Amino acid sequence: MAKSQQTFNKSEKEKKRLKKREDKRKKMEARKLEKEEGRNEGIQFAYVDYNGNLTDTPPDPSMKVKVDAESIEVSIPKRDDSEVEAFDPVRQGKVSFFDNSKGFGFILDSENQEKYFCHVSGLIDDIQENDKVSFELEKGMKGMNAVRVKLVE
């Protein structure tokens, strides 16, 4: 005796597909009916009032504000050189730990006493522990790294 080819899953999918088709047909008929009866609700024209809200009444022309097109700035305003702070990216510090065999170490910043990772690829001069150095900071994978490290006499 042969087994039926129609499984439960297939029949459920077929029911869902037919229901979806029927719902779509009902919605289409309802839209046609609304169109024929002329029930088109909603705002035909939308205006923006003084508070930025949408409304269906036009704004009062006596309250219209005149804006001079020359006064509108579309770019970043120019700033004076007096406003610019002089930022020196070079920092001073002391080598707290450095392993030459592994090629990395840490530098203690003299300003904020934070430790920054330093790799041998970011060195300009050879450094040892307790050397005074100048360096710059760069964003690394796990935080800020010291790069362009030079010895300070």
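Visitor: What pattern does the chain follow when read along the sequence?

Guide: Along the sequence the pattern is α-β-β-β-β-β-β-β, that is, 1 helix and 7 strands. Helices (H or I, at least four residues) and strands (E, at least two) are DSSP runs numbered from the N terminus. This is a predicted model, in which local features need pLDDT of at least 70 and side-chain atom pairs count only at pLDDT 80 or more, while totals for chains, interfaces and linings use all residues. Residues are numbered from 1 along each chain as its sequence is written, and side-chain values use heavy atoms, with hydrogens and water left out.

Visitor: Why is the pair of Phe-104 and Phe-117 called stacked?

Guide: Rings of Phe, Tyr and Trp (its six-membered ring) pair if their centres lie within 6.5 Å; planes under 30 degrees apart count as stacked, over 60 as edge-to-face and the rest as tilted. The structure holds 6 aromatic pairs. For Phe-104 and Phe-117 the centres are 5.9 Å apart and the planes form an angle of 20°, so both criteria are met and the pair is stacked.

Visitor: What does the pair of Phe-104 and Phe-117 tie together?

Guide: Phe-104 lies in strand β4 (residues 104–109) and Phe-117 in strand β5 (residues 115–119), so the pair ties together parts that are 13 residues apart in sequence. Phe-104 and Phe-117 also belong to one aromatic cluster with Phe-97 and Phe-106.

Visitor: How do you know whether Phe-104 is buried, partly exposed or exposed?

Guide: Buried means under 20% relative accessible area, exposed over 50%, and partly exposed in between (1.4 Å probe, protein chains only). Phe-104 has 24% and Phe-117 has 28%, so each of them counts as partly exposed.

Visitor: How do the side chains of β4 alternate?

Guide: Gly-105, Ile-107 and Asp-109 point to one face and are buried, whereas Phe-104, Phe-106 and Leu-108 point to the other and are not. Ile-107 is also one of the 11 residues of the largest nonpolar core, which includes Val-95, Tyr-116 and Phe-135. Such a core is a set of buried Ala, Val, Leu, Ile, Met, Phe, Trp, Tyr and Cys residues joined through side-chain atoms within 4.5 Å. Two or more core residues come from each of β3 (91–99), β5, β6 (132–139) and β7 (144–151).

Visitor: What makes β4 and β5 a strand pair?

Guide: Two strands pair if DSSP finds at least two bridges between them. β4 and β5 have 5 bridges, in the antiparallel sense, so the criterion is met. Phe-106 has Phe-117 of β5 as its bridge partner. The two strands form a hairpin with 5 residues between them, and Gln-113 in the turn has a positive phi of about 60°. β3 and β4 are likewise antiparallel, over 6 bridges.

Visitor: Why is the contact of Glu-12 with Lys-15 called a salt bridge?

Guide: A salt bridge is a side-chain nitrogen of Lys or Arg within 4 Å of a carboxyl oxygen of Asp or Glu. The closest N and O atoms of Glu-12 and Lys-15 are 3.8 Å apart, so the pair qualifies. Glu-12 and Lys-15 are 3 residues apart in helix α1 (residues 8–37), about one helical turn. Lys-15 is exposed at 52%, whereas Glu-12 is partly exposed at 27%.

Visitor: How many salt bridges does the structure hold?

Guide: There are 7. Among them is that of Glu-14 and Arg-17, at 2.6 Å from N to O. Another joins Glu-29 to Arg-25 at 2.5 Å; these two residues lie 4 residues apart in helix α1. Shared partners join Glu-22, Arg-25 and Glu-29 into one network.
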